[in-house]
Amino acid sequence: MGLFLAVKVTAQGYAVIAGKLQFGPPDANIKLVVMSNTSKGSASMEIDSVSIQQLDNRNFEFLVPVRDEVEYIALDLIEYRDYHEKGVQLSTFFVKPGDTIFIHADQDKKLKFSGNARKRLELNYELSGIGYPKRVFNTDPATYYNSFKQSYAKGLQLISDAEGSIDAEDLRLIELDYKSTSLGALYQVFDLFKFGYGYNEKYGDIGKKVYEDFLYKAEEEKQDESLGIRSLFYARYLLFKCLADARYDSVIRKVQVHPLEFLTTKYSAGELRDRILTSYYFRNRRGMNKRYLEARPYLHTAKYHKIWDHLAQYHLYGHKVDLKTRFINPKGEKVTLEDFKGKVMVIDMWFTGCASCVPVAQAMPKIEKAFEHRDDVVFISLSVDAKIESWLKSIDRGDEHGQKRGLFYISDQTDYLKIEDNPANSKFLKDFHPTRSYPYLLLFDKKGRVYDNDVPLPQVNQGRDLIAVIQGALSNGD
């Protein structure tokens with residue numbers, strides 16, 4: 001390994017992540033993901049870039065540029081989409097300029113760390129291994145909450161035990177990240193299931209009592225703005241608490257408050273509030289045209305004005321698409337969206353192994369049939385598979401007897417395309433779908449403009465919602 005040689009570079013704003021794996025295939029791929037700390041994400045944070053490296057004699061080494069005080073990254077030791085054996089995932093953690101981390105994984109997938117940032121990564125790894133209850137009410141809300149508290153306390157104790165062995169400011173940030181991810185998930189569950197009323201009246205009555213006794217009145221984890229901005233997770237936690245409190249006001253207290261009013265009165269103007277607003281509106285993109293105009297005047301910082309202008313370019317109705325973006329078809333030929341100019345484009349993005357993508361594929365024929373006599377609408381199945389072989393196998397039409405082998409085979413009305421470049425760093429995906437959660441449907445109108453960036457899935461409401469959106473795009477004559 002070139003670890004000691006690379007250390008000389010870290011002073012210039014880099015961190016070195018290196019290691020050796022004793023398990024899995026000797027030519028396995030290791031995946032390093034760099035996150036963008038702007039809270040543009042949806043269910044997950046926005047992926048800024050992905051680097052995939054093949055093991056060299058079971059060794060790997062990444063040189064990670066750190067653009068600010070800290071850079072958040074995640075590491076997959078063996079990218080499991082490509083191999084039968086699942087690897088080890090190091091959940092999102094931060095690195096600093098000058099960090100060196102060496103990871104040794106034995107045959108049993110047990111990890112040991114060395115390097116000057118060893119203690120930080122060890123603590124993060126321990127925290128990620130704490131067994132929280134599933135993020136659903138699979139039991140009554142009081143039992144769920146008590147189980148959460150026990151797990152949460154274990155994490156706080158681990159952080160307390162690390163005092164003195166980790167830089168105090170670094171430990172503060174680790175603690176804030178841990179509290180934010182844990183409490184954010186807790187608030188999200190209560191919000192999502194309406195305190196339990198989403199299951200039944202009994203659960204709802206229990207959940208309402210738990211929420212009003214312990215969570216509704218709880219003060220947010222107050223932090224100075226500089227620390228809050230450094231954290232990848234703090235703004236999302238504040239947003240989830242705010243939304244859960246608003247849900248409580250609506251469901252329990254019968255008080256309706258506009259989300260924009262709730263968010264802008266609860267937090268003072270500044271970069272942190274800008275980040276919360278951005279996270280909220282990007283998570284709720286349906287109707288974003290109206291929301292964009294409503295919320296943009298509340299943005300305080302030039303940084304977020306720029307981010308919102310970028311969002312507007314790729315996510316608001318009427319903005320033109322770069323039709324020269326290149327894809328490939330199953331024959332290996334280059335295809336651009338210009339080839340479909342003058343047609344409404346319904347684009348379904350998926351990847352091989354995506355369980356949630358299968359129902360979309362199974363429901364799409366009904367949608368296509370509704371438009372089978374129209375020559376001004378095209379259905380594009382867009383694969384984001386890294387490997388061409390995986391994609392081709394998934395769309396294999398089958399043998400001469402008509403047996404379908406391809407899991408994602410739909411019909412003759414579908415145009416099958418794949419992202420030409422490495423999907424991990426595709427500009428098309430970064431612009432139109434930075435959150436990278438699949439399946440995802442996108443719709444462009446006949447003039448090559450964004451029509452809808454949050455298209456209903458075809459299996460919802462027996463496909464009627466999606467059919468209505470496509471009909472709207474077809475009848476749009478402006």
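This report walks through the overall make-up, salt bridges, one helix pair and two single residues of a predicted model.

## Overall make-up

Let's start with the whole protein. It has 478 residues, and 52% of them are buried. Its secondary structure comprises 15 helices and 15 strands.

The contact pattern is worth a look as well. Of the contacts with a sequence separation of 6 or more, 70% are between residues 24 or more positions apart.

## Salt bridges across the chain

The structure contains 21 salt bridges. One of them pairs Arg120 with Asp99, with the closest N and O atoms 2.8 Å apart. Arg120 sits in helix H2 (residues 118-128), while Asp99 belongs to the loop between strand E6 (88-95) and strand E7 (100-105), so this pair ties together parts that are 21 residues apart in sequence. Arg120 and Asp99 are both buried.

Another salt bridge brings the side chains of Lys446 and Asp376 together, at 2.9 Å from N to O. Here Lys446 comes from the loop between strand E14 (440-444) and strand E15 (450-452), and Asp376 from the loop between helix H12 (357-370) and strand E12 (377-383); the pair therefore ties together parts that are 70 residues apart in sequence. The two ends have their own surroundings: Lys446 is partly exposed, with a relative accessible area of 29%, whereas Asp376 counts as buried at 12% relative accessibility. There is also a network to trace, in which salt bridges with shared partners join Lys96, Asp99, Arg120 and Asp170.

## Helix H7: a salt bridge and a neighbour

Helix H7 holds a salt bridge of its own. The side chains of Asp245 and Lys241 meet with an N to O distance of 2.9 Å. These residues are four apart in helix H7 (residues 234-251), which means that about one helical turn separates Asp245 from Lys241. Both Asp245 and Lys241 are buried.

How do packed helices get described? Two numbers serve for a packed pair: the angle between the axes and the distance between them. For H7 and helix H8 (residues 259-266), the axes come within 11 Å and cross at roughly 125°. The two helices, H7 and H8, are therefore oblique to each other. The crossing of H7 past H8 is right-handed.

Which residues of H7 and H8 meet? From H7 come Leu239, Cys242, Asp245, Ala246 and Asp249, and from H8 come Phe262, Leu263 and Lys266. Sorted by type, the residues of this contact are five nonpolar, three charged and no polar. Asp245 thus appears twice in this section: in the salt bridge with Lys241 and in the contact of H7 with H8.

## Two residues to look at

Is Ser180 buried or exposed? Ser180 is buried, since its relative accessible area is 3%. You will find Ser180 in helix H4 (residues 168-192). Leaving aside residues up to four places away in sequence, Ser180 touches Phe233, Tyr234 and Tyr237.

Asp68 is found in the loop between strand E4 (59-65) and strand E5 (71-77). With a relative accessibility of 55%, Asp68 counts as exposed, because the cut-off for exposed is over 50%. If you measure from C-alpha to C-alpha, Asp68 and Gly13 are 8.6 Å apart in space, with their positions 55 residues apart in sequence.

How values were computed. Residues numbered from 1 in each chain as written. Predicted model: local features only at pLDDT ≥ 70, side-chain atom pairs only at ≥ 80, totals over all residues. Heavy atoms only, no water. Buried < 20%, exposed > 50% of the residue type's maximum accessible area, 1.4 Å probe, protein only. Salt bridge = Lys/Arg side-chain N within 4 Å of Asp/Glu carboxyl O. Axes fitted to C-alpha atoms, helices over the stretch in contact; angles between N-to-C directions. Parallel < 35°, antiparallel > 145°, perpendicular 65-115°, else oblique. Left-handed = near helix turned anticlockwise from the far one by under 90°. Contact = heavy atoms within 4.5 Å. Nonpolar A, V, L, I, M, F, W, Y, C, P; charged D, E, K, R; others polar.
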